[in-house]
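Trainee: I am new to this structure, and I would like to learn how the labels people attach to it are justified. Could we look at it together?

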Amino acid sequence: MAPPPVSNSCRTTDRQNIDRQAINQIYRSESRRVFATLVRLLSSFDLAEEALQDAFAAAAEKWPQQGLPQNPYAWLVSTGRFKAIDALRRRTRFDASLADLANKLNTITEPNLPDDCPIEDDRLRLIFTCCHPALSPQAQVALTLREVCGLTTEEIASAFLVSPSALAQRIVRAKAKIRDAGIPYEVPAKADLADRLETVLQVIYLVFNEGYAASSGSMLTRASLSAEAIRLGRLLRSLLPESEPESEPAGEVAGLLALMLLQESRRAARTSPTGDLILLSDQDRTQWNAEQIAEGCELVQQVLATGRVGTYTVQGAIAAIHAQAPSTETTAWAQIVAWYDILMQLTPSPIVALNRAVAISMRDGPVAGLRLIDDLLTEGQLTSYPLAHAARADLHRQLGNRSAASDAYQKALSLTKPEPERRFLEKRLRELA
């Protein structure tokens, strides 16, 4: 079955040059949304992925001649569905059972494709499917980053410190588990929602972090990923039972949303026009997004007022202190250290300990912070973490220990992948030289 005539859904005035760059832009903005809907319609990750590629191949062929559809998302979903049905029918000569599946898919009425409907959002359905408790935590995160957010296998493998081939096998096994166990493609009932939130929140924050500080590549940030994580955070919050707005699950969703908004508020000031990294102490705070700061601070206050404080809310409280401070020098570092003390009780980790050490260096001086960081490195907890060596280098630089600072910057540089961060470390080394 051929896709629906493009002429019925295209603007006549748009039937002009639609180059590959425009199609690539639509792919970046719509592909995961299209994929999520195709998973719902086809009940198969593999069929949906194939249908997605076929739909964009058809777009690359037809749109330059016939014009851009009024609703590219709907056009791509409909075309992908018909392409999948055609592919299944072609394969029936090898597997007769596929004919029944093709006929079943063909009887599905044309899907309702609203611009935005939180409860029925297909990407939210997809993220809960990918985060199903039948899957291992590692598989949940990897599958969600790959299928919901569209990160490459190489990018996810880098974040997990595993080989791309091992990560690919993890994703393949997760898809097979979903298929064989008949894991439903749905948002869980509200009564079961709280038990499923922890991993979902973890995944959303990992997505945000990849957008806020890319793990590799030439760009420091990926705005689309951060925006998607914030959008998913809002969707999750809208799903919580209205009768329990002060419950701990609700508080952690609000806390995560606040944390993401407060961190995202600094995006415009974090890089120079040439894409170079600008440290918090050197940022032009007039460029910070006041609306996001106001919303984030309000959310933090709402959760703190309930007395049910989780890890994301504590991090949000720390981010709120930074956001409200006129400068680095006037920041309430004692309050930040106190919040890190609480965070160490809730979720002790070397990364939290490192951030606490940096805050202590701002409160008590570089010697105090350096002592704590050296202890962490001696214990072997952060030897492969570049930011630990960069923080150590900066404290040595403040103390005038040029040789020790240079060695630490070199170590950080050897472990750093994102180009903007590498350029920053190289600049620091040149300044020391």
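Mentor: Gladly; what follows is a set of questions about labels, and please keep in mind that this is a predicted model.

Trainee: Let me begin with charges. What makes Glu-30 and Arg-33 a salt bridge?

Mentor: The cut-off is a side-chain nitrogen of Lys or Arg within 4 Å of a carboxyl oxygen of Asp or Glu. For Glu-30 and Arg-33 the N to O distance is 3.5 Å, so the pair meets that rule. The structure holds 18 salt bridges.

Trainee: How are Glu-30 and Arg-33 placed along helix 1?

Mentor: They are 3 residues apart in helix 1, residues 20-42, which separates them by about one helical turn. An α-helix has 3.6 residues a turn, so residues three or four places apart point the same way.

Trainee: Why is Glu-30 called buried or exposed?

Mentor: Buried means under 20% relative accessible area. Glu-30 has 18% and Arg-33 has 17%, so both fall under that limit and count as buried.

Trainee: What else does Arg-33 do with its charged end?

Mentor: The charged end of Arg-33 sits over the ring of Tyr-73, 3.7 Å from the ring centre. One part of the rule is that CZ of Arg is within 6 Å of the ring centre, and 3.7 Å fits that part. Another case is Arg-81, which lies over the face of Phe-82 at 5.3 Å from the ring centre.

Trainee: Tyr-73 has come up now; which residue of helix 5 touches Tyr-73?

Mentor: That is Asp-122, placed in helix 5, residues 122-130. Leaving aside residues up to four places away in sequence, Asp-122 touches Ala-36, Thr-37, Arg-40, Tyr-73 and Tyr-185. Asp-122 is buried, with a relative accessible area of 8%.

Trainee: How do you know that Arg-423 and Asp-276 tie together parts that are apart in sequence?

Mentor: Their side chains meet in a salt bridge, at 2.6 Å from N to O. Arg-423 lies in helix 19, residues 419-432, and Asp-276 in the loop between helix 11 and helix 12, so the pair ties together parts that are 147 residues apart in sequence.

Trainee: And why are Arg-423 and Asp-276 called partly exposed?

Mentor: Partly exposed is the range between under 20% for buried and over 50% for exposed. Arg-423 is at 30% and Asp-276 is at 30%, so each is partly exposed.

Trainee: What does the salt bridge between Asp-374 and Arg-392 tie together?

Mentor: The side chains of Asp-374 and Arg-392 meet at 2.6 Å, N to O. Asp-374 lies in helix 16 and Arg-392 in helix 17, so this pair ties together parts that are 18 residues apart in sequence. Asp-374, at 24%, counts as partly exposed, and Arg-392, at 22%, is partly exposed too.

Trainee: Which residues are linked in a network of salt bridges?

Mentor: Arg-32, Asp-46, Glu-49, Glu-147 and Lys-175 are.

Trainee: Now the rings. How many aromatic pairs are there?

Mentor: A search of the whole structure finds 6 aromatic pairs. In one of them, the rings of Tyr-205 and Phe-208 have their centres 6.3 Å apart and their planes at 10°.

Trainee: Why is that pair called stacked?

Mentor: Centres must lie within 6.5 Å, and planes under 30 degrees apart count as stacked. With 6.3 Å and 10°, Tyr-205 and Phe-208 pass both tests, so the pair is stacked. They are 3 residues apart in helix 9, residues 190-212, and both are buried.

Trainee: What makes the pair of Tyr-205 and Tyr-312 edge-to-face?

Mentor: Planes over 60 degrees apart count as edge-to-face. Tyr-205 and Tyr-312 are at 85°, with 5.7 Å centre to centre. The pair links distant parts of the chain, with Tyr-205 in helix 9 and Tyr-312 in helix 13, 107 residues apart. Tyr-205 is buried at 13%, and Tyr-312 is buried at 11%. Ring pairs link Tyr-205, Phe-208, Tyr-212 and Tyr-312 into a cluster.

Trainee: Last one: how do you know that the buried residues of helix 14 are on the same side?

Mentor: The buried residues are Trp-333, Ile-336, Val-337, Trp-339, Tyr-340 and Leu-343. They cover an arc of only 160° around the axis, which puts them on the same side of helix 14. These buried residues pack against helix 12, helix 13 and helix 15.

Notes. Residues are numbered from 1 along each chain as its sequence is written. This is a predicted model: local features need pLDDT of at least 70, side-chain atom pairs count only at pLDDT 80 or more; totals for chains, interfaces and linings use all residues. Side-chain values use heavy atoms; hydrogens and water are left out. Buried means under 20% relative accessible area, exposed over 50%, partly exposed in between (1.4 Å probe, protein chains only). Helices (H or I, at least four residues) and strands (E, at least two) are DSSP runs, numbered from the N terminus. The arc is that of the directions from the helix axis to the C-beta atoms. Contact means heavy atoms within 4.5 Å. A charge sits over a ring if NZ of Lys or CZ of Arg is within 6 Å of the ring centre and within 35 degrees of the ring normal.
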